[in-house]
Protein chains: 2
Amino acid sequence: MTRALQGHPAVRDETRRKVEAAARRLDYRPDHIARALVTRTSSTVGMLIPSSVDSFWGEVAAGIEEAASEANYSVLFANSHSQPERERRMIEVFLAQRVAGIIIAGAAGESASWFCGEEPDVPVVIVNWDAAFPARFVPIVRTGSPQRVLKAVRAATETDASFSQIVFDDLGGAQQVVRHLVSLGHERIAFVGAEPIRPSLLRVLGFRSALLEAGLPLGAIVSSPRSPEGGFQATQDLLTSPPDDLPTAIVAYDDATAIGVIRAVHAHGIDVPGAMSVIGFDDIEMAAFSEPPLTTIRQPRREMGRMAMASILSSIRGESAQRSSVLPGELVLRRSTGPPPGR
Amino acid sequence: MTRALQGHPAVRDETRRKVEAAARRLDYRPDHIARALVTRTSSTVGMLIPSSVDSFWGEVAAGIEEAASEANYSVLFANSHSQPERERRMIEVFLAQRVAGIIIAGAAGESASWFCGEEPDVPVVIVNWDAAFPARFVPIVRTGSPQRVLKAVRAATETDASFSQIVFDDLGGAQQVVRHLVSLGHERIAFVGAEPIRPSLLRVLGFRSALLEAGLPLGAIVSSPRSPEGGFQATQDLLTSPPDDLPTAIVAYDDATAIGVIRAVHAHGIDVPGAMSVIGFDDIEMAAFSEPPLTTIRQPRREMGRMAMASILSSIRGESAQRSSVLPGELVLRRSTGPPPGR
DNA sequence: TTGTACGCGTTATCAG
DNA sequence: CTGATAACGCGTACAA
């Protein structure tokens, strides 16, 4: 029975063969449900992502599934649509399904609400906390002191010791972006897509600090939804400012926004990158196929998913996993950035 | 106990309240695992998609998850990467997890292999069968008789009576596309992205039949991988033919391909749509933000996912679900198509 | 090395 | 209307 099929050492070869033959004849399939009931732990992990329509999260999910599948785990999937209420509900469902671990990607809500304030009894790992802040944080991120911004970010995403985290280095990525533009000679740089969510706060902060470091004035920081439409609209507005205030480069919150930015810039008859450089963030698949192809910061999405699953697995094995990883981005040079006009 | 929490009719209000109070005090959570063991059916469905990175399947998945979640079902998710071998393996895993139903989207393999030739004991629904054909089918789809092509498609995707199907009307969609171009005055129309997979065979067939119906000559049909890179390369090749043979419009296999096609056309200094119309298929999110925005056929992806889940649910309830639905597309007019030059 | 109870947390059934 | 009890299919500990 169990021993034969599971490859227990203390079982005669002949017996094992007989059992296996019988199993095949009846096409016996071990029942994961019954197994989970007795072992008190299923081989399933819960994965909560904001939206499977978004290829960014789709690739994180692919990394998670890949690593899970290799370890013979299954993954239960749910979209949170960035709604804290749905996050809570789906976590509840995962718990009722007795998952062996939970991966929460792009979390919008507060960790305190997820487990009714108690320590969860399964490992939990956070991927790229996208916590939303009250809108009153937008002015702070623009002009508040860096200390104040960082304090706000930390306060809103402070986690109990029970959560591991795999997060992208948004601050450092934004700094890389600005340094690249500065090295090309840009001196008036704007940011499009500021929003009261964690990664945006950090990217704007990186934007500001790199500008400060280069001794350049702070450019315009405009808000917009994270979408081509949002970037398009916000850039339309931006471009109506007096000509001598016009930036020579625009840092977009992400690639989707950047694509809208480029379209708006083109709509004003301005060449990219001849007269205006545009830079994205994420390196989504389309980034390479916009016109012009987008210079951007690549997030190791699939790797982040794999790491999240790996973290769950090592927690399950009782190894004390690394608490928290901050992954660096990589600047991908394409053709949407170049020297400012007249250089 | 059970009766009180589940809202059984035959239980006194006072008793129910007492039970509920106790449940809350011990924060009791009914264990889905144990429940599944005794009821012999879990509230989980298996969902197999080719790739969660692809926003097309991501949206189908979103529809499935949405409908599942509304019906208090969970979804187990796996990527098949279009590998028949992986399809088989993941289906096996789903079965071992005792799922209540299985949704197979973009199936690449043959249904016969999925359940060892036996009837599955859970409802199964197919979404958009992407079955691969031997490469020798490419010439057939270009020049073979329509009957022969249809026969090939049917043979490779014939399903046992146990499978429901939700499939898109690829043939009709391609006909709509060509009719649109014909109505604009185009007479030389090419197809880029033919491949030996089911939807491609049907789209090429629709392309051919609509051309025939309009009394126009059959244009070039070139093969390419379904990606911007593929479309770009194939179009580069196409545009090197003698100028008087040049088409005035290109039908791309899908939007991703179309974006590569447009880039190649632009790279040859040809204006879209002034000198060349390009039309896509699917209406992915980026279609609206390519330059120029892509005219395309919209597939009701989310709705297809919802229908798949609805079909599973009605099978579970024992209702005899509709065997098979063929969903029509919708032409989305944007700016990548226009009259041919000189009209 | 192998056979055999027992119990995991539910639901269903049957007797009170 | 309610309380007790027998499965569900597996892993495991203990006896043979």
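Helix α8 of chain A, residues 170–184, lies across β6, β8 (249–252) and β9 of the same chain and runs at about 160 degrees to β9(A), where axes are lines fitted to C-alpha atoms, for helices over the stretch in contact, and angles run from 0 to 180 degrees between N-to-C directions. Helices (H or I, at least four residues) and strands (E, at least two) are DSSP runs, numbered from the N terminus. Helix α9 of chain A, residues 198–213, also packs on the sheet, touching β6, β7 and β8 of chain A, and its direction makes about 170 degrees with that of β6(A); contact means heavy atoms within 4.5 Å.

I should say early that this is a predicted model, in which local features need pLDDT of at least 70 and side-chain atom pairs count only at pLDDT 80 or more, while totals for chains, interfaces and linings use all residues. Residues are numbered from 1 along each chain as its sequence is written, chains are lettered from A and ligands numbered from 1 in the order in which they are written, and side-chain values use heavy atoms, with hydrogens and water left out.

Now to the sheet itself. In chain A, four strands form an open sheet in the order β7-β6-β8-β9, with parallel pairing, and two strands pair if DSSP finds at least two bridges between them. The edges are taken by β7 (221–223) and β9 (277–279) of chain A, each with a single partner strand, so one side of each is left without a neighbour in the sheet. From one strand to the next, the twist averages 20 degrees. Strand β6 of chain A, residues 189–194, is joined to β7(A) by three bridges, and these two strands run parallel; V192(A) stands opposite V222(A) in β7(A).

Let me turn to chain B. Is S200(B), which sits in helix α9 of that chain, buried or exposed? S200(B) is buried, with a relative accessible area of 1%, where buried means under 20%, exposed over 50% and partly exposed in between (1.4 Å probe, protein chains only). Leaving aside residues up to four places away in sequence, S200(B) touches G193(B), A194(B), E195(B) and Y253(B).

Last, helix α5 of chain A. The buried residues of α5(A) include M90(A), I91(A) and F94(A), and what covers the buried residues of this helix includes β1, β2 (74–79) and β3 (101–105) of chain A, together with α3 (32–39) and α4 (55–70) of chain B. Just after α5(A), R98(A) takes a positive phi of about 55 degrees.
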